[in-house]
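Please open the structure in a viewer and keep the sequence beside it. The tour below proceeds from one selection to the next and states what is found at each stop.

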Amino acid sequence: MADVHDVHDGLVADLVALGRSVPSRPVDDAFVRRVADGIAAVDGVAAVDGVAGVSPAPPHHRRALSRRVQAAVAAVVAVVVGALAVPPVRAAVADLFGFGGVLVREEPVPAPSTAPPPPGAPSHLTLAQAAELVPFRPAVPEALGDPDGVEVSADRRVLSLTWETDDGTVLLDQIGARLDYAFAKSATGVEFVTVAGNFALWFAQPHEVVVLEPDGTVRRETARLAGHTLIWERGQVTMRLEGDLTRAEAVAVAETVAETVAD
Amino acid sequence: MRRGDPDAYAALVRRHAPAAVRTATFLGAGADAEDVVQEAFVKAYRALDRYREGSAFRPWLLRIVANETRNLHRSAGRRAAREAKAWEQVAPLLAGGRAGAAAAASTGRDDAAEALEAAERRVALVAALGRLATPYREVVTCRYLLGLDEDETAAVLGRPRGTVKSRLHRALRALEADLRAADDDRYRQEVTHDG
């Protein structure tokens, strides 16, 4: 077979010329600095996976969002650094964009190999009652059926559903977008997965969950160790599924989430 | 290069950023090309542990850039819509380019006529590229518009080298046929008008 270049000489030359006609721009110092800043935020200190106090912006506001999220990242990192007093280690900010301000940092500190099961949500409420309290429509994974426990946080921003399964407790937190505190985590082994085609994060290792106050301070007493967790976004609500599930199981459950019908 | 050496990394950023921004642009990142590349560099830094020492850094980086660019249009929904959106960012850039400047730079009448013809050919070529199925347009973009070699193209698109080769071959044949058909159409129209 003749080389494609020989047969299509003229066309190839035109294509190359077409490409070259678009000027290449060298990058300026500010560009390099922004990369360095990004790395510094990543390579900084303790590991945090937070749902920071940033309202998700529509994806076409990516540029603006990235700056805003970067600011939020810096704030959260600084606070957690102070609180945990962990020496600087490399860490990672995950895909911050279009994801309700979730921020993930990895911390290669030895983590306990097992985590206690997620706390069960005592069934004080029915789903319909809970729906009245939170500013979003609760969603339930069809794979799990009706929850055994339904609870709404005191500030009415987090809805927690629990199921008692053969494999222990499974917890699904639903966090309203207009969130002014965050879950912060120390985490290793964060993986990127997709839920129904949308970006999601899978935490295979036990990691610390810390709640940040509106002013960005860490509520230490809320820190607890979490097991396998999947975080994804569904419309304006950040979903957090935790339990003794494999990655595939968690994703399968997440993909069956459907909104409850308002009564 | 190892993780934990920011100065060395800054040098790497400077060296590869123009090609990376160009790649993001040609794959449809539009005005977000620089943001995409910044993010790609941060991710690449984070993943340096997984980068095989001794293999070329550029294709590895460009692969991350290509993935990030795809993610950019994630919100556009179905794949066809995403791909259309990406191409919308690229087509005007290619059709515009330096054609105007080239035309202005030419002085003689012959040159002007030539520049006009070149501009026409270019617009026709961009239109034909637009009609090409995305996998074929992608290999043409990487191989010829970006000037990557076959191995780099394969690495950036995450396809075996054989696939890249066969797609290139078919893409060129399809383009050639498309351009000829478009040319014939134009000729027929002119004839009809004259008659």
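Begin with chain A and select β5(A) and β6(A), which form a hairpin with two residues between them. Helices (H or I, at least four residues) and strands (E, at least two) are DSSP runs, numbered from the N terminus, and two strands pair if DSSP finds at least two bridges between them. The model is a predicted one, in which local features need pLDDT of at least 70 and side-chain atom pairs count only at pLDDT 80 or more, while totals for chains, interfaces and linings use all residues. Residues are numbered from 1 along each chain as its sequence is written, chains are lettered from A and ligands numbered from 1 in the order in which they are written, and side-chain values use heavy atoms, with hydrogens and water left out.

**The hairpin and its neighbours in chain A**

Strand β5 covers residues 158-165 of chain A, and its pairing with β6(A) is antiparallel over eight bridges. Select A:E164 to see one such pair: its bridge partner in β6(A) is A:T169. Strand β6 itself spans residues 168-175 of chain A, and seven of its eight residues are buried; buried means under 20% relative accessible area, exposed over 50%, and partly exposed in between (1.4 Å probe, protein chains only).

Next, add strand β13 (residues 237-242) of chain A, which runs antiparallel to β6(A) and is joined to it by five bridges. Here A:I175 stands opposite A:T238 in β13(A). A:T238 also serves as the bridge partner of A:E233. To follow that link, select β12(A), which is joined to β13(A) by six bridges in the antiparallel sense. Strand β12 (residues 229-234) of chain A is largely enclosed by the rest of the structure, because five of its six residues are buried.

Now move to A:T194, which is found in strand β8 (residues 190-195) of chain A. Is A:T194 buried or partly exposed? A:T194 counts as partly exposed because its relative accessibility is 46%. Leaving aside neighbours within four places in sequence, A:T194 is in contact (heavy atoms within 4.5 Å) with A:A200, A:V251 and A:E255. From A:T194 to A:I231 the distance is 9.9 Å, C-alpha to C-alpha, although the two are 37 residues apart in sequence.

Before leaving, display the whole of chain A. It has six helices and 14 strands, and buried residues make up 48% of its 263 residues. Among contacts in chain A between residues at least 6 apart in sequence, 62% join residues at least 24 apart.

**Chain B and the cores**

Switch to chain B, which has nine helices and zero strands. Of its 195 residues, 42% count as buried.

Select B:L129 in helix α6 (residues 109-131) of chain B. With 0% relative accessibility, B:L129 therefore counts as buried. Apart from neighbours within four places in sequence, the contacts of B:L129 include A:L15 and A:L18 from chain A, as well as B:W87, B:L94 and B:V140 from chain B. The C-alpha atoms of B:L129 and B:D178 are separated by 9.2 Å, with their positions 49 residues apart along the chain.

B:L129 is also one of the residues with the most contacts inside the largest nonpolar core, which has 60 residues. Such a core is a set of buried Ala, Val, Leu, Ile, Met, Phe, Trp, Tyr and Cys residues joined through side-chain atoms within 4.5 Å. Others to highlight in this core are A:L15, B:Y9, B:F41, B:L94 and B:V140. A second, separate core of 27 residues includes A:A139, A:V140, A:V237 and A:V253.

Continue to α7(B), where nine of the twelve residues are buried. Among them are B:T134, B:R137, B:V140 and B:Y144. After α7(B) comes B:G147, whose phi is positive, near 70°.

**A last stop: the second largest pocket**

Which elements give two or more residues to the lining of the second largest pocket? They are α3 (57-72), α4 (79-96) and α7 (134-145) of chain B. To centre the view, select B:R70, B:R79, B:E83, B:T134 and B:E138, the closest to the pocket centre of the 22 lining residues. The lining divides into seven nonpolar, six polar and nine charged residues.

Note on methods: 1 Å grid on protein atoms, 1.4 Å probe; cavity = no way out; pocket = protein on both sides within 12 Å on 5 of 7 lines; lining within 4 Å. Nonpolar A, V, L, I, M, F, W, Y, C, P; charged D, E, K, R; others polar.
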